[in-house]
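Q: I have not looked at this protein before. Could you take me through it?

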Amino acid sequence: MVAADRARARMVDALRDAGRIRSPAVEDAFRAVPRHLFLPGLSIDDAYADEAVAVQFAEGVATSSASQPSMMAIMLEQLDLRPGHRVLEIGAGTGYNAALMARIVGPTGAVTAVDIDEDLIAGAAVHLADAGVTGVGLVVGDGALGHPPLAPYDRIVLTVGSSDIRPEWVAQLAPGGRLLLPLAVRGSQLSTALDLGPDGVLRSDSVRSCAFIRLRGLGASTDVAARLDGFRLMLQVAEDGPGPDAAEVAAALACPGGLLPVPVRLGSADVWDGFGLWLALTEVGTCRLLASDAETGLPDDLLPLGPGRGTIALATVRGEQPPGLAMVVAGPDRAEGSRASSVGVRVYGAAGPVLGVRLLTALERWLTAGRPGAAEWQMAAVPAGVLREPLPPGVAVVRKEHCCLLLDMPGLPTK
Ligand SMILES: C[S@@+](CC[C@H](N)C(=O)[O-])C[C@H]1O[C@@H](n2cnc3c(N)ncnc32)[C@H](O)[C@@H]1O
């Protein structure tokens, strides 16, 4: 066995042992397709590490990457591909995921992979040829429009983040087909597998946490993060709704108040998708504060989140007077990485104490509900404009341009 085969076998064993790979079909695909041929120039060890590898940058920001193998395995399991399926991938990148999918759908199926970038498609063609993969059609185009000539598809998968569910994707799904996409929901990104019902509603089969590069082109989302002058922090607010205002949050931050104790420890996953998503769905003033660079103005208080630091907060919404903010901060025995830390709630501004109590009440409800994370949510996506009210209790609504998302969780307090 050559070094690449040994490294690949080790990677697949680890993905299977960690429960990321669960089905024989996904395992076979990872064993068969040589990832290193899709990442030429990388050492064998790096090509088979469980890491995302950025392959293209614009102004210092990654615009394409080979996704982390763990995340790819999670998504391939969510996709539930079968031999003979016709698949559309939006975000071809290196072509590696398309090659894995082509292996699973076999000679009776077909994979069409679209990328907005001509150079990436040219590279993917070379990688697929080097790996001897057939059954993948490559297309240069804006995946926001899908690829109508070969529709309908049994599966449409985005390997790039989207803030909305575009009608083109729904229209190009076969009846009962599945759409899988990293979907932005109130500041979280959720890998959501949705099945198309005969009523035109998409209903989730599974939801997982994820973190993907976002769509460029027609489906690009406007950036909702604003710099907070004087604090080296970015304020991220919900994409739908009034939300807090950057100048008012900065004014509140200039008036620090007391620290409220929190009886539980929280990890970055709790702050990001667990309690973070719960708070964002129940309080319109929910926002996230992210370090705008490595040396932030509040270095000791932020929690490790992804590649940087950040936290979740509740602020007064735009125009509400007096302004205030309550934010989850790291406690004295802060843990690094994803391990749970002791935390507290720091209040700022005249309205801070009231917001602190509201944030702690929401935390109490989330704990009572069993600390639900991304995997516990049920989601339905209804085309915009056809939502029927009133909604059942325990359902939160997130309104997008093209769809309304209904998120369902037992114990969720909604108005
Ligand atoms: C995380 S990478 C995908 C990785 C890829 N699946 C692989 O196996 O290497 C995301 C890709 O989405 C592409 N992308 C961004 N916006 C797009 C759009 N509107 N249409 C199609 N592709 C797009 C990027 O160019 C990038 O290659």
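Q: May we start with C210: is it buried or exposed?
A: This is a predicted model. C210 has a relative accessibility of 9%, so it counts as buried.

Q: How far is the sulfur of C210 from the closest cysteine sulfur?
A: The distance is 16 Å, and the partner in question is C403. That is too far for a bond.

Q: And what about C403, which cysteine sulfur is nearest to it?
A: The nearest is the sulfur of C404, at 6.9 Å, and C403 is in no disulfide. With a relative accessibility of 3%, C403 counts as buried.

Q: How many disulfides does that leave?
A: The count is 0 disulfides, where a pair of cysteine sulfur atoms would have to be within 2.5 Å.

Q: Let us step back. How many helices and strands are there?
A: The protein has 10 helices and 20 strands.

Q: What is its radius of gyration, and what would a compact globule have?
A: The protein has 415 residues, for which a compact globule would have a radius of gyration near 22 Å; the value here is 22 Å, which agrees. Along the principal axes, the C-alpha atoms fill a box of roughly 65 × 50 × 40 Å.

Q: What share of the residues count as buried?
A: Of the 415 residues, 54% count as buried. The accessible surface comes to about 17,700 Å², and carbon and sulfur atoms account for 55% of that surface.

Q: What about contacts between residues at least 24 apart in sequence?
A: Taking the contacts between residues at least 6 apart in sequence, 62% join residues at least 24 apart.

Q: Now to helix α10. Where is it, and how many residues does it have?
A: Helix α10 covers residues 352-368, which is 17 residues. From its first C-alpha to its last it reaches 24 Å, close to the 24 Å expected at 1.5 Å a residue.

Q: Which of its residues are buried?
A: In α10 the buried residues are G352, L355, G356, L359, A362, L363 and W366. Viewed down the axis of α10, the buried residues fall within an arc of 125°, so they line one face of the helix.

Q: And which residues are exposed on the other side?
A: V354, V357 and T368 are exposed on the other side of α10.

Q: What do the buried residues of α10 pack against?
A: They pack against one helix, α9 (268-282), and against the strands β12 (256-266), β15 (308-315), β16 (325-330) and β17 (341-348).

Q: What comes just after α10?
A: G370 lies just after α10 and takes a positive phi of about 95°.

Q: A change of topic: where is R178, and is it buried or exposed?
A: R178 is in strand β7, which spans residues 173-185. Its relative accessibility is 7%, so R178 counts as buried.

Q: Which residues is R178 in contact with, leaving aside neighbours within four places in sequence?
A: Its contacts beyond those neighbours include the aspartates D80, D154, D195 and D205. Also among them are Q78, L79, R155, I156, L173, A193 and L194.

Q: Lastly, where does E168 lie?
A: E168 lies in helix α7, residues 167-171. At 21% relative accessibility, E168 counts as partly exposed, because buried means under 20%.

Q: What is E168 in contact with, again leaving aside neighbours within four places?
A: E168 is in contact with A144 and L145. L145 is 23 residues from E168 along the chain, and their C-alpha atoms are separated by 5.7 Å.

Notes. Residues numbered from 1 in each chain as written. Predicted model: local features only at pLDDT ≥ 70, side-chain atom pairs only at ≥ 80, totals over all residues. Heavy atoms only, no water. Helix = DSSP H or I, 4+ residues; strand = E, 2+ residues; numbered from the N terminus. Expected span 1.5 Å × (residues − 1). Buried < 20%, exposed > 50% of the residue type's maximum accessible area, 1.4 Å probe, protein only. Arc of directions from axis to C-beta. Contact = heavy atoms within 4.5 Å. Rg over C-alpha atoms; globule rule 2.2 N^0.38 Å. Areas by Shrake-Rupley, 256 points an atom, 1.4 Å probe, with all protein chains shown as cover.
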